[in-house]
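This report describes the fold of one protein chain and the charged side-chain pairs found in it. Please keep the sequence and the structure in view while reading.

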Amino acid sequence: MERTLSIVKPDGVARGLIGEVVKRLEANDLKIIAMKMIQMTKAQAEGFYAVHRERPFFGSLTDFMTSGPAVVMVLEGDNAIARYRDLMGATNYKEAAEGTIRRDLATDIEKNVVHGSDAPETAAFEIGYFFNAFEINPR
């Protein structure tokens with residue numbers, strides 16, 4: 001069993017897409033073992049996205065991620081990281097495959113509804129950033 005972090009970004013929450021995202025996760029055998037709604041501060045967003053600090057989009061990304069509430073989840077399943085990344089689709093929703101979350105629901109390359117970890121090491125960091133061991137409920 002592998003774990004990954006999922007975020008329904010502020011645009012997805014504002015547009016009422018939490019349920020749609022959860023439905024797609026569960027339909028693809030990705031078990032939600034932790035979930036909560038948060039409102040990130042600028043400092044929290046900057047810490048979470050620190051790996052992108054030198055990128056030109058860092059400021060707009062952290063501004064966007066603090067613009068409203070987000071839903072963070074821990075997903076568990078066989079090959080959860082790769083399977084969730086396939087389900088999300090490409091970062092640029094215009095390049096995402098048909099039937100993916102981003103292709104179907106995103107409106108912008110930044111406002112692309114969801115985030116997911118890209119590797120086991122990233123997943124461990126990201127899960128630990130938002131959840132402590134008592135909040136994770138393996139099934």
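The text below goes from the overall architecture to the salt bridges.

**Overall architecture**

The model is a predicted one, and the protein in it has seven helices and four strands, which from the N terminus on follow the order β-α-α-β-α-α-β-α-α-β-α. The radius of gyration is 14 Å, close to the 14 Å that the globule rule gives for 139 residues, so the protein is as compact as a globular protein of that length. Along the principal axes, the C-alpha trace spans about 40 × 35 × 25 Å.

Buried residues account for 47% of the 139 residues, and the accessible surface amounts to about 7000 Å², with 52% of that area belonging to carbon and sulfur atoms. When contacts between residues at least 6 apart in sequence are considered, 75% of them join residues at least 24 apart.

UniProt, in an unreviewed entry, lists residues 1–138 as "domain: Nucleoside diphosphate kinase-like". Over that range the chain is 40% helix and 19% strand, and the end C-alpha atoms lie 10 Å apart.

**Salt bridges**

A search of the whole structure finds seven salt bridges; the table gives three pairs with the distance between nitrogen and oxygen.

| Basic residue | Acidic residue | N to O distance |
|---|---|---|
| Arg-3 | Glu-76 | 3.0 Å |
| Lys-36 | Glu-135 | 3.0 Å |
| Arg-103 | Glu-98 | 2.9 Å |

The salt bridge between Glu-76 and Arg-3 links distant parts of the chain, since Glu-76 belongs to strand E3 (residues 70–77) and Arg-3 to strand E1 (residues 2–8), 73 residues apart. Glu-76 counts as buried because its relative accessibility is 10%, under the 20% cut-off, whereas Arg-3, with a relative accessible area of 32%, is partly exposed.

Lys-36 and Glu-135 also form a salt bridge, and this pair again links distant parts of the chain, with Lys-36 in strand E2 (residues 31–38) and Glu-135 in the segment after helix H7 (120–130), 99 residues apart. Lys-36 is partly exposed at 25% relative accessibility, and Glu-135 is partly exposed with a relative accessible area of 29%.

In the salt bridge of Arg-103 with Glu-98, Arg-103 is partly exposed at 33% relative accessible area, while Glu-98, at 62%, is exposed because that value is over 50%.

Beyond these pairs, Glu-20, Lys-23, Arg-24 and Asp-104 are linked in a network of salt bridges.

Definitions and conventions:
Residues numbered from 1 in each chain as written. Predicted model: local features only at pLDDT ≥ 70, side-chain atom pairs only at ≥ 80, totals over all residues. Heavy atoms only, no water. UniProt positions renumbered as here; feature names shortened; annotations may be inferred. Helix = DSSP H or I, 4+ residues; strand = E, 2+ residues; numbered from the N terminus. Salt bridge = Lys/Arg side-chain N within 4 Å of Asp/Glu carboxyl O. Buried < 20%, exposed > 50% of the residue type's maximum accessible area, 1.4 Å probe, protein only. Rg over C-alpha atoms; globule rule 2.2 N^0.38 Å. Contact = heavy atoms within 4.5 Å. Areas by Shrake-Rupley, 256 points an atom, 1.4 Å probe, with all protein chains shown as cover.
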